[in-house]
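Thank you all for coming. I would like to walk through the interior of one chain this morning, and I will put the sequence and the structure up before I begin.

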Amino acid sequence: QNQRFWIYIISIFVVVAFGSAAYPAFFISGFKPVNIFKGNLKITSKNYFTKSMLAVQFIISFITISLGVVFVMNENYIKDRDWGYDKEQTIVIPLAYSDQYPELRDKVAQFSYIDVITGSQNHLGYWTDEDLVGYDGEQYNTRKLMAGYEYLDAMGMRLKTGRFFEPQSSTDKTESIVVNEAFLKKLGIENPIGIRIIVDSTAHYIVGVVEDFHYMHFRHEIKPIFFKVADENSFNNIILRTLPGEAKNAEKFASRTWKKLYPDNTYEGYFQNAAFDQYYRENEGISNLMIAIASIAILISCMGLFGLVSLFINKKLKEFSIRKVMGASGKEITLLVNKGFIWVIIISSIIGIPISYFLSRAVIESIFSYHAPLNAIPYSITAFILIITALITVSSQIMKAIRVNPAERLRND
């Protein structure tokens, strides 16, 4: 997925660079020095090639801006997306050695604001195992998470049907599994409780089903996963669920306790709601990169528009002077200048919308399994940005036409 993204970024950069440079190159190369010196350079509304190249520039700008908007909207969507479980009030402490678990558990249990204490071999957001399971004569590739009896409670998993593991059960450790909804969908199971599943050549039975949840970040599709009870001597993490509002105090207490018990081992505890922070930073970096590319594209397009409008106004100064003598107002001159160029922007937007939609859809779906829905909002924002920036660019030159002194201009001509 990262390779596809960088191929896309390089492609966009090349298209923006060459596409933006093509217009001024073709346009300027068509100038005849003799006509320039004589003041006979013709830049009129009939110069379709010139306006076509300008339109190409703005189509490229539309595509890059809309993609930037899509990535920013997707970044916000991912930040607000439900993880599928209650990530708050949960502290995870990676263990240096598995035999640290009983001692650390007994010490932190003294803190009254800790509600649940459990452990796990692997953990949501960082590491899950792959395993083959058998059902109805078929083998299926799934994910597996080995943890303590109360892990599902500690992680705030949402029970769909059945039950979680129970320490008092004599069979939960050896025969029971809890699965997610994707597990049932892949295996085609409709009434899951009590269904026999083969795990590691041993018969296990589904005792509970939880809602689908993100065990990895949002670039990965939610796949079938099952939970199984693990031995305490295999735990790599200790998980603490605190009472509401006590997570920071509990984490400080756990940190102090760790440093007293294991001064030679680095404390690496973290809050579960920070499990995807690196992923969020990567997405923010991607969005900033897209905004930078879009900014460069629109800057180059506006530079081209600025130059073209400047030449157009210089050529039309005599006409503007005559119109002012005949009583034309500043508003009429503004509309005269804007008319040809704004239509170029509007047409560029109309052409750019379908191209941007299909391109942004292909890119976003190739990178993210879960993303913001694509609707008219990013393309409306892009069109608005293009029109406003174009108006600002043109307006800076329109003042030159409005302020011209008709008598002085006509006398000089």
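Why is strand E2 described as largely enclosed by the rest of the structure? Keeping in mind that what we are looking at is a predicted model, the answer lies in burial: strand E2, which covers residues 114-120, has 7 residues, and 6 of them are buried, so E2 is largely enclosed by the rest of the structure. Its partner here is strand E10, residues 237-242, which runs antiparallel to E2 and is joined to it by 6 bridges. To pick out one of these pairings, Val-116 has Arg-241 of E10 as its bridge partner.

Let me turn now to the nonpolar cores. The largest nonpolar core has 59 residues, and within it the members that touch the most others are Phe-71, Leu-124, Tyr-151, Met-157, Phe-213 and Phe-227. Several elements each supply at least two residues of this core, including helix H3 (48-80), strand E4 (138-147), strand E8 (202-210) and the helices H9 (277-325), H10 (330-367) and H11 (377-402). Of the contributors, H3 gives the most, with 12 residues. Apart from this core lies another one, of 20 residues, and among them are Ile-114, Ile-117, Phe-235 and Tyr-262.

I would like to stay a moment with Phe-213. If we leave aside its neighbours within four places in sequence, Phe-213 is in contact with Trp-83, Gly-84, Tyr-85, Leu-124, Met-157, Asn-180, Ile-222, Ile-225 and Phe-227. Phe-213 also appears in the lining of the second largest cavity, together with His-214, Tyr-215, Met-216, His-220, Glu-221 and Ile-222. That cavity holds about 40 Å³ of space, and its lining residues divide into 4 nonpolar, 2 polar and 1 charged.

How many cavities of 30 Å³ or more does the structure hold? There are 2, and the largest has a volume of about 50 Å³. The residues that line the largest cavity are Val-70, Met-73, Asn-74, Ile-364, Ala-372, Pro-373, Leu-374, Asn-375 and Pro-378. By class, this lining has 7 nonpolar and 2 polar residues, with no charged residue in it. The largest share of the lining, 3 residues, comes from H3, the helix that also gives the most residues to the largest nonpolar core.

Conventions: Residues numbered from 1 in each chain as written. Predicted model: local features only at pLDDT ≥ 70, side-chain atom pairs only at ≥ 80, totals over all residues. Heavy atoms only, no water. Core = buried A, V, L, I, M, F, W, Y, C linked by side-chain atoms within 4.5 Å. Buried < 20%, exposed > 50% of the residue type's maximum accessible area, 1.4 Å probe, protein only. Helix = DSSP H or I, 4+ residues; strand = E, 2+ residues; numbered from the N terminus. Contact = heavy atoms within 4.5 Å. 1 Å grid on protein atoms, 1.4 Å probe; cavity = no way out; pocket = protein on both sides within 12 Å on 5 of 7 lines; lining within 4 Å. Points joined across faces, edges and corners; volume = space filled by probe spheres on them. Nonpolar A, V, L, I, M, F, W, Y, C, P; charged D, E, K, R; others polar. Pairing = 2+ DSSP bridges.
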